[in-house]
Amino acid sequence: MTKPAWSILPDEWKPILKDRGLRAFRADQILQSLYRDCILDWDGATTLPKDFRETLKKEFPITHFEISAVSESEDGTKKLLVTFDDSEAVETVLIPARERFTQCISTQVGCAMGCAFCASGSCGLVRSLSADEIVAQYMAGRTFGEITNIVVMGMGEPFMNYDETMKALKLINAGRGPNIGARHITISTCGIVPGFAKLAAEGIQFELSVSLHAPNDEIRSLLMPVNKRWPMKELLQSCANYTKETKRIITFEYTVVAGLNDSRAAAEELARAVKKVPMAKVNLIPLSPVSHRPDFKTPDDKTMLMFLDVLMKNGVQTMLRRSRGKDANAACGQLRLKRNAEKQSL
Ligand code: SAH
């Protein structure tokens, strides 16, 4: 049975090769080719004999992908559309910032969660990605430079594709693989409650963000259908259990939508809610406009600063985030939507 090369953790190579009667002593050369030289085809592994490369091609294929669109923003953010052999595509975004080079990756084609302001979910879920397809996005990113940080904030809900996402992140984190430190890898969830205990049990120090976006169930259910399945009380309780058990912080993401969740009262109520979770922080993000919801507007700077001020005065650690890459269709799922629309109009 074939096994995609990018689904094999570095320490698994030797035993897997041995099991199949292959030359296990070649494992180190394989790892160097894959993750130092970033080959995209076994023919690129020139340190290995040709007949062995042919065997690797058959048994451990390197997942084929194409970078089918690149859209670059004035702030240096690059958004790539990565297309797999079944023609399905996901987005990955490269975000340069002083000493960091962050890559935002996707875990699913489309998304089933249907958050009102999110472009990825506006057409539903097509399929989940396999671990090697998640790693493929990272390898696509590597063709543009050395990646220092990974955020799982692209298309899809990572906790709805838990096993494959975790396998990919463990590989990206592996010392003899890409070796990106766990604290430089952030998983973002819309609040799939069973995922918190599972992640805590992994014992890996990945960072965790939770998309909250509302101070109470009434507003949250308007924006996020997932809130009906796991309302805020249950969600905040599982967040609190997570921070207590792991001693790791949780960052709540709060996308501010004008006239919807941006009032002073909302900020005060939000402060009370997140203070139930030890070691919680809040990131405030102004809404990126999306074409399918022209009624959702970006708040002005004054509102953002008022919201920030109320949270801080109430003792909540808060950061104001800039939207990056707006002119590159960088809001979640926008580039893929645009591409699909273009295909349909051809
Ligand atoms: N499913 C995961 C990760 C993908 S979305 C999650 O929900 O966390 C990454 C973040 O971008 C989430 O916080 C999401 O709510 C936010 N987001 C999506 N569309 C947005 C938009 N139009 N403007 C601002 N933030 C948006």
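**Close-up 1. R176 and D11 form a salt bridge, their closest N and O atoms being 3.5 Å apart.** R176 sits in the loop between α5 (162-173) and β8, while D11 belongs to the segment before α1 (13-19), so this pair ties together parts that are 165 residues apart in sequence. Please keep in mind that the model shown here, and in every view below, is predicted. The two partners differ in their cover: R176 is partly exposed, with a relative accessible area of 43%, and D11 counts as exposed at 60%.

**Close-up 2. R20 meets E59 in a salt bridge.** Here the closest N and O atoms are 2.9 Å apart. Since R20 lies in the loop between α1 and α2 (27-36) and E59 in helix α3 (residues 50-59), the pair ties together parts that are 39 residues apart in sequence. R20 is partly exposed, with a relative accessible area of 31%, and E59 is likewise partly exposed, at 26%.

**Close-up 3. Further salt bridges can be found around K78 and in a network that includes K50.** K78 pairs with E72, with 3.8 Å between the closest N and O atoms; K78 itself counts as partly exposed at 22% relative accessibility. In the network, salt bridges link D43, K50, E54 and K57. If you would like to look for others, a search of the whole structure finds 17 salt bridges.

**Close-up 4. The ligand is surrounded by 18 residues.** The closest are G156, S188, S211, H213 and S288. Eight residues of this shell are nonpolar, eight are polar and two are charged. Strands β8 (185-189) and β10 (250-256) each supply at least two residues of the shell.

**Close-up 5. Polar atoms of F117, S211 and H213 approach the ligand.** A backbone N or O atom of F117 is 3.0 Å from a ligand nitrogen atom. On the side-chain part of the view, an N or O atom of S211 lies 2.6 Å from an oxygen atom of the ligand, and an N or O atom in the side chain of H213 is also 2.6 Å from a ligand oxygen atom. Taken alone, the ligand exposes 530 Å², and the protein buries 91% of that.

**Close-up 6. I185, in strand β8, is buried.** Its relative accessible area is 0%. Leaving aside residues up to four places away in sequence, I185 touches I150, L169, I172, N173, I180, F206 and E207. One of these, N173, is twelve residues from I185 in sequence, with 8.1 Å between their C-alpha atoms.

Conventions. Residues are numbered from 1 along each chain as its sequence is written. This is a predicted model: local features need pLDDT of at least 70, side-chain atom pairs count only at pLDDT 80 or more; totals for chains, interfaces and linings use all residues. Side-chain values use heavy atoms; hydrogens and water are left out. A residue is near a molecule or strand if one of its heavy atoms lies within 4 Å of it. A polar contact is a pair of N or O atoms within 3.5 Å; within protein, one must be able to donate a hydrogen and the other to accept it, and residues adjacent in sequence count only if both atoms are side-chain atoms. Accessible areas come from the Shrake-Rupley method with a 1.4 Å probe; for residues, only the protein chains shown count as cover. Helices (H or I, at least four residues) and strands (E, at least two) are DSSP runs, numbered from the N terminus. Ala, Val, Leu, Ile, Met, Phe, Trp, Tyr, Cys and Pro count as nonpolar, Asp, Glu, Lys and Arg as charged, and the others, Gly among them, as polar. Buried means under 20% relative accessible area, exposed over 50%, partly exposed in between (1.4 Å probe, protein chains only). Contact means heavy atoms within 4.5 Å. A salt bridge is a side-chain nitrogen of Lys or Arg within 4 Å of a carboxyl oxygen of Asp or Glu.
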